[in-house]
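Please open the structure in your viewer and keep the sequence panel beside it. The tour moves from a single side chain out to a pair of helices and then to the whole chain.

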Amino acid sequence: GRKLEAFFTFWIIITLLPSLVILFSQVSNIIGERYLYLPSVGFSILVGLVMSNITSRKLLLACILSISTISVVVTYDRLKAWETDLALWEDTVQKSPLSVNAHINYGRALLDNNDIDNGKNELLIALGLRNKGLIQTSKIYELLGTAEMKSKNYAKAESYLITSLKTNPKNATAYNNL
């Protein structure tokens, strides 16, 4: 008698499975909010189906107001993380401290905001993390070279850029900066 509710419950589970596999297989991955788009469709329809069975008008209104208020507050709070690249990657590093990509992108955002010392620090953290590939390692050295260029330490910048190219000879940005 509840085939539709069962379908959307399974919808939520099935559409969440790929992101859960990523979450449990690689701790250092960034799990993005985009993985919730498809499950949220099933969740929204399921909530609507459950609410359609509420016969009390006052209870239905209370449920609608509660869900709407919670959604607005959570969305408004989350918007702060999306204001700038710096805020986004700082939030991502806080939530995924073992993610190499989060530290690389946070380091780049800091460098773009002329916070050279903290940018280099984030890149060195990324360099010290496990599970990074050659392309990521090359990117870290390339950005460290960029940081040294901004500090006018050209000898050290050249050293980092050469290391970047040894790690990944196809890094065009490192060639350009060199």
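A residue counts as buried when its relative accessible area is under 20%. With that cut-off in mind, and remembering that this is a predicted model, select Thr 137, which is found in helix H7. Thr 137 has a relative accessibility of 14% and therefore counts as buried. Show its surroundings next: leaving aside residues up to four places away in sequence, Thr 137 touches Leu 127, Lys 132 and Thr 167.

Now extend the selection to the whole of helix H7, residues 134–150, and add helix H8, residues 154–167. The axes of these two helices come within 8 Å and cross at roughly 165 degrees, and since angles over 145 degrees count as roughly antiparallel, H7 and H8 are therefore roughly antiparallel to each other. The crossing in which H7 passes H8 is left-handed.

To see the contact itself, display side chains on both helices: the residues of H7 that meet H8 include Leu 134, Thr 137, Tyr 141 and Met 149, while among their counterparts in H8 are Tyr 154, Ala 157, Leu 161 and Thr 167. By class, this contact of H7 with H8 has eight nonpolar, six polar and three charged residues.

Finally, zoom out to the full protein, which has nine helices and zero strands. Its C-alpha trace spans about 75 × 30 × 25 Å along the principal axes, and its radius of gyration is 23 Å, whereas a compact globule of 178 residues would have one near 16 Å. If you colour by burial, 32% of the 178 residues count as buried.

Technical notes
Residues numbered from 1 in each chain as written. Predicted model: local features only at pLDDT ≥ 70, side-chain atom pairs only at ≥ 80, totals over all residues. Heavy atoms only, no water. Axes fitted to C-alpha atoms, helices over the stretch in contact; angles between N-to-C directions. Helix = DSSP H or I, 4+ residues; strand = E, 2+ residues; numbered from the N terminus. Parallel < 35°, antiparallel > 145°, perpendicular 65-115°, else oblique. Left-handed = near helix turned anticlockwise from the far one by under 90°. Contact = heavy atoms within 4.5 Å. Nonpolar A, V, L, I, M, F, W, Y, C, P; charged D, E, K, R; others polar. Buried < 20%, exposed > 50% of the residue type's maximum accessible area, 1.4 Å probe, protein only. Rg over C-alpha atoms; globule rule 2.2 N^0.38 Å.
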